[in-house]
Amino acid sequence: MVWLRRDLRLSDLPPLAAAASGTDSSVLVCFVVDPRLEKSSGERRLAFLFDSLRDIDDKLHGKLLVARGRPEDEIPRLARAVDAERVHISEDFAPFGRRRDEAVAAALGDIELEATGSPYLVSPGRVTKDDGSPYKVFTPYSKRWRDHGWRAPADSSVPAKRIIDPSDLTKAGRIEIPPAPTTLSIPAGEDAALARWAEFVDADLADYDSGRNDPAGDSTSRMSAYLKYGNIHPRTLAADLGRSASRSSTGAQAYLRELAFRDFYADVLYHWPHSLWHNWNRQFDGIDLDTDKKAHERFDAWKAGRTGFPLVDAGMRQLAETGYMHNRVRMVTASFLVKDLHLPWWWGAEWFLEQLIDGDMASNNHGWQWAAGTGTDAAPYFRVFNPEAQAKKFDPDGEYIRRWVGDTDADDYPEPMVDHKAEREEALRRFGQI
Ligand code: FAD
């Protein structure tokens, strides 16, 4: 039996290959909608998830079994219904997933829960210093990470007749795949992921190193949601980047570095699970943050894209309207919340997770800690982004701002809600106190 979680594709899927190898027995492919995760995912992520499931179900000619409940109840029940020898998964390293998988393994009893592969190029915990301790700084991590290497994509196709048809299982507790609660700006599924990747490689990879900092150009890959849900594995991307024509190109190198960042943040979370919602660097726990009624009003203005700082507002409106925000602008809006408004970074992180299609705990919460200066090799606390200078540098013609905010001279556009210079001093004063 194959239990899908964050690996919503059929090609190059190690648990499926493992389930089908060495035997000619049949395979049940299933997904369990866990109400705990349903509650904590934003509408857009649920839509992406359900559309990804529909895509797999189509590819399996209607043979994907979807159940709803706690996996520690559902997985053993399904495994017994098909008399499974083993349940195959790809490994989940986040705190919730690890706890859940331990509970499922215990509930399965004699039936083994076997993990093959993970959503990462190099799984968390594998890249360590010579003394076995984890890296706290990205650059040396990324060097070791490259040396570690990863395997090439592999075929995982299984003849259709070997996939168990769940309609034959009378007591399977099968549910219909829920309808997507909203429409998405990024179409879900394996084919959509491959098509988008091919388009990016063709049009924008060569210039990625400079293009990635141009929010108006919008020329980054948009692979984040596909990677989050495993519609595509980073192995496929890395294999293309490594092909001879692009091997030495700066674009391919820069892109690989971003994939290393993704693995690094998952590794940090694996070693320091507290960093999900608490300062990775506990020295910052004592900092004075605003959480009163006024702070909530400021938070609401930030969420609504009505701070009066055009680049911040453009980013927040892009997020609210599409469920996506360009990386450069994620950094600027995050810095503004923490250093100009003096609000807790986890308020912002939670809002991002609710809105983003690519919302991912490790990348998001550590991205936030980078901006807040509380993370591993974070932006130093004394570096405070100036939102106007950032706009001049990265949106010099104001194109991105016009696209999402319109006319910033219009009567209904708000005045700047704070004095950046004064708030910068205030942020430094608060850091100085600790
Ligand atoms: P590309 O520039 O094409 O990058 C390629 C891939 O590399 C991305 O898809 C992503 O998987 C990875 N990547 C790129 N930058 C980073 C990074 N800084 N950290 C980790 N991985 C990276 N990324 C998420 O996937 N989910 C999140 O919830 C998320 N939240 C963020 C919050 C903040 C405050 C910040 C500063 C960054 C966040 N990022 C997050 C990282 C980054 O902004 C997005 O991965 C990127 O904007 C997605 O667009 P893309 O796929 O076109 O990126």
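User: Quick note before I start: UniProt positions follow the numbering used here, feature names are shortened, and annotations may be inferred rather than shown by experiment. So which residues does UniProt list for "domain: Photolyase/cryptochrome alpha/beta"?

Analyst: Residues 1-121, and the UniProt entry is an unreviewed one. Keep in mind that the model here is predicted. Over residues 1-121 the chain is 45% helix and 17% strand.

User: And how far apart are the end C-alpha atoms of that stretch?

Analyst: They are 24 Å apart.

User: What's the average pLDDT of the chain?

Analyst: It's 95, and 99% of the residues score at least 70. For the complex, the predictor gives an ipTM of 0.99 and a pTM of 0.97.

User: OK, ligand next. How many residues surround it, and which are the closest?

Analyst: There are 27 around the ligand, and the closest are Thr220, Ser221, Glu258, Asn364 and Gly367.

User: Which helices each supply at least two residues of that shell?

Analyst: α9 (224-228), α12 (250-271), α15 (327-340) and α17 (361-372).

User: And how do the shell residues divide by class?

Analyst: You get 11 nonpolar, eight polar and eight charged. As for domains, at least three shell residues come from each of domain 2 (120-152 + 190-271) and domain 3 (282-433).

User: Where's domain 1 then?

Analyst: Domain 1 covers 2-118. Its C-alpha centre lies 37 Å from that of domain 3.

User: How many residues of domain 1 are in contact with domain 3?

Analyst: Five, and they contact eight residues of domain 3. The domain 1 side of that contact has two nonpolar, one polar and two charged residues.

User: Back to the ligand end of the chain. I was looking at Arg222. What is its phi?

Analyst: About 60°, so it's positive even though Arg222 is not a glycine. Most residues other than glycine have a negative phi. Arg222 sits in the loop between α8 (208-211) and α9.

User: Why does Arg222 count as partly exposed?

Analyst: Because it has 18 other C-beta atoms within 10 Å, and partly exposed is the band between the exposed limit of 12 or fewer and the buried limit of 20 or more.

User: Which loop holds Asp83?

Analyst: The one between α4 (71-81) and β4 (86-89). Asp83 also has a positive phi, near 55°, and is a residue other than glycine.

User: Is Asp83 buried or exposed?

Analyst: Exposed, because just 9 other C-beta atoms lie within 10 Å of Asp83.

User: Switching to Leu65. Where is it?

Analyst: In strand β3 (residues 65-68). Leu65 counts as buried because it has 26 C-beta neighbours inside 10 Å.

User: What is Leu65 in contact with, leaving aside neighbours within four places in sequence?

Analyst: Leu28, Val29, Cys30, Leu78, Pro166, Ala172 and Arg174. Phe50 is 15 residues from Leu65 in sequence, and their C-alpha atoms are 13 Å apart in space.

User: Pro166 caught my eye. How far is Phe96 from it in space?

Analyst: 28 Å, C-alpha to C-alpha, with their positions 70 residues apart in sequence. Phe96 lies in helix α5 (residues 95-108) and is partly exposed, with 15 other C-beta atoms within 10 Å.

User: What about Val158, where does that one go?

Analyst: Into the loop between α6 (138-148) and α7 (190-203). With 20 C-beta neighbours inside 10 Å, Val158 counts as buried, since the cut-off for buried is 20 or more.

User: And what does Val158 touch, not counting residues up to four places away?

Analyst: Leu16, Ala20, Val27 and Ile163. Take Ala20: it is 138 residues from Val158 along the chain, yet their C-alpha atoms are separated by 6.8 Å.

User: Last one, Leu428. Which helix is it in?

Analyst: α20 (residues 420-433). Leu428 counts as partly exposed because it has 14 C-beta neighbours inside 10 Å.

User: How far apart are Leu428 and Arg383?

Analyst: They're 45 residues apart in sequence and 9.3 Å apart in space, C-alpha to C-alpha.

Definitions and conventions
Residues are numbered from 1 along each chain as its sequence is written. This is a predicted model: local features need pLDDT of at least 70, side-chain atom pairs count only at pLDDT 80 or more; totals for chains, interfaces and linings use all residues. A residue is near a molecule or strand if its C-beta atom, placed from the backbone, lies within 6 Å of it. Helices (H or I, at least four residues) and strands (E, at least two) are DSSP runs, numbered from the N terminus. Ala, Val, Leu, Ile, Met, Phe, Trp, Tyr, Cys and Pro count as nonpolar, Asp, Glu, Lys and Arg as charged, and the others, Gly among them, as polar. Domain bounds come from an automatic or database domain assignment. pLDDT is the predictor's confidence in each residue, from 0 to 100. Two residues are in contact if their C-beta atoms, placed from the backbone, lie within 7 Å.
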